[in-house]
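Good morning, colleagues. I should like to take you through one structure today, with particular attention to its aromatic side chains.

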Amino acid sequence: LKIGGVYMYPSGHMSHVEQPWGFEGVRRENRQVYADSRIFYVDPNNILSSDSVPNSGEDPEHPLVTIARAVVLARAYKGDTIYVQTADGWQYGLMTQLSIIESVVIPSTKGGIHLVGVGRGAMGVYWQPAVAGGTCLTINAMDVEVEGFCFTAFQVGGAARAIFVNWAGGGVFHGENVTIHDCTFEGTISTGIEMEFSWYPHIYNCHFQELDVIAIVCDATGTDFAKIHDNYFNDCAKAVTLLNCDNSEIFHNRIYNADAQAGVA
């Protein structure tokens with residue numbers, strides 16, 4: 001249906017999404033979406049980027065500066081996706097461009113949104129917390145999906161945490177049913193993924209490299225129905241600690257630790 005020169009699609013299966021001009025790496029994909037699902041673009045290195053009104057961030061030639069602004073504009077359970085452009089500010093040092101340097105909170109009112117790092121290399125789009133010892137991404141909403149990022153703290157320092165999935169309590173179920181995949185958590189991050197009473201988390205195809213505290217942890221309030229598979233844990237102080245965990249699956253993971261191989265306690 002075409003209304004006012006704009007094609008309107010019904011709910012359900014849409015045709016392939018092509019790569020937008022001017023925003024590299026957005027792949028062809030099939031999406032199950034609502035008729036008005038929106039795509040937001042984030043690129044802090046584009047001279048035309050702006051977080052100011054009236055920029056909606058839906059035009060790849062005029063992206064947003066921050067992920068936080070995209071989260072504000074995204075809507076719950078409308079199939080909205082946030083695409084974050086890569087930069088050459090890599091995981092081990094500064095180059096000529098800015099990586100993502102912000103601490104983002106997805107509130108409980110923004111369930112069902114999807115964060116995607118695009119145009120990335122093998123490790124993902126580089127993302128650091130805003131301050132030393134901070135957290136890159138806090139998820140207080142249900143049904144959030146995160147993919148394609150390299151979490152690092154090479155510039156800001158401190159005992160940083162990459163992702164905190166937070167149920168938050170109060171009788172309202174937040175931070176559940178999260179999916180995290182195809183991300184890298186490198187050695188300047190201390191804690192990779194921390195979950196507080198999060199049920200049905202799905203973590204797969206991630207690489208945890210030399211984290212000095214722990215790669216994946218659920219606190220003593222517990223978790224159920226976790227699925228953790230096909231991840232690579234290399235020389236992490238601890239790979240996975242799930243306290244008070246039931247009905248969960250951990251399989252097809254690769255774990256290597258040089259100290260353990262050498263017989264160190």
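**Overall architecture and aromatic core**

The protein has 27 strands and 2 helices in its secondary structure. Please bear in mind throughout that this is a predicted model. The chain has 265 residues, and 46% of them count as buried. If we take the contacts with a separation of 6 or more, 62% come from residues 24 or more positions apart.

Let me turn to the aromatic rings. How many aromatic pairs does a search of the whole structure find? The number is 12. One of them joins Phe149 and Phe151 in a tilted arrangement, with 40 degrees between the planes and 6.1 Å centre to centre. Are these two residues buried or exposed? Phe149 has a relative accessible area of 0% and is buried. Phe151 is likewise buried, also at 0%; the cut-off for that term is under 20%.

A second pair is formed by Phe208 and Phe233. Here the ring centres are 4.9 Å apart and the planes meet at 5 degrees, so this pair is stacked; the criterion for stacking is an angle under 30 degrees. Where do the two partners lie? Phe208 belongs to strand β19, residues 207–209, while Phe233 belongs to strand β23, residues 232–234. The pair therefore ties together parts that are 25 residues apart in sequence. Both partners are shielded: Phe208 is buried with a relative accessible area of 0%, and Phe233 is buried with 1%.

These four phenylalanines belong to one aromatic cluster, in which Trp127 and Phe185 also take part. The tilted pair of Phe149 and Phe151 and the stacked pair of Phe208 and Phe233 are thus to be viewed together.

Another ring has a charged partner. The ring of Phe164 has the charged end of Arg161 over it, at 4.2 Å from the ring centre.

Finally, the surface. The exposed area of the protein is about 12,200 Å², and 55% of this is supplied by carbon and sulfur atoms. Which residues make the nonpolar surface patch of about 350 Å²? They are Trp90, Tyr92 and Met95. Of these, Tyr92 can be placed in the loop between β6, residues 81–85, and β7, residues 100–101.

To close, I would set two views side by side: the buried Phe208 of the aromatic cluster, and the surface patch that includes Tyr92.

Conventions
Residues numbered from 1 in each chain as written. Predicted model: local features only at pLDDT ≥ 70, side-chain atom pairs only at ≥ 80, totals over all residues. Heavy atoms only, no water. Phe/Tyr/Trp six-rings, centres within 6.5 Å; stacked < 30°, edge-to-face > 60°. Buried < 20%, exposed > 50% of the residue type's maximum accessible area, 1.4 Å probe, protein only. Helix = DSSP H or I, 4+ residues; strand = E, 2+ residues; numbered from the N terminus. Lys NZ or Arg CZ within 6 Å of the ring centre and 35° of its normal. Contact = heavy atoms within 4.5 Å. Areas by Shrake-Rupley, 256 points an atom, 1.4 Å probe, with all protein chains shown as cover. Patch = residues over 30% accessible without salt bridge, like charges linked within 9 Å, V, L, I, M, F, W, Y side chains within 5 Å. Salt bridge = Lys/Arg side-chain N within 4 Å of Asp/Glu carboxyl O.
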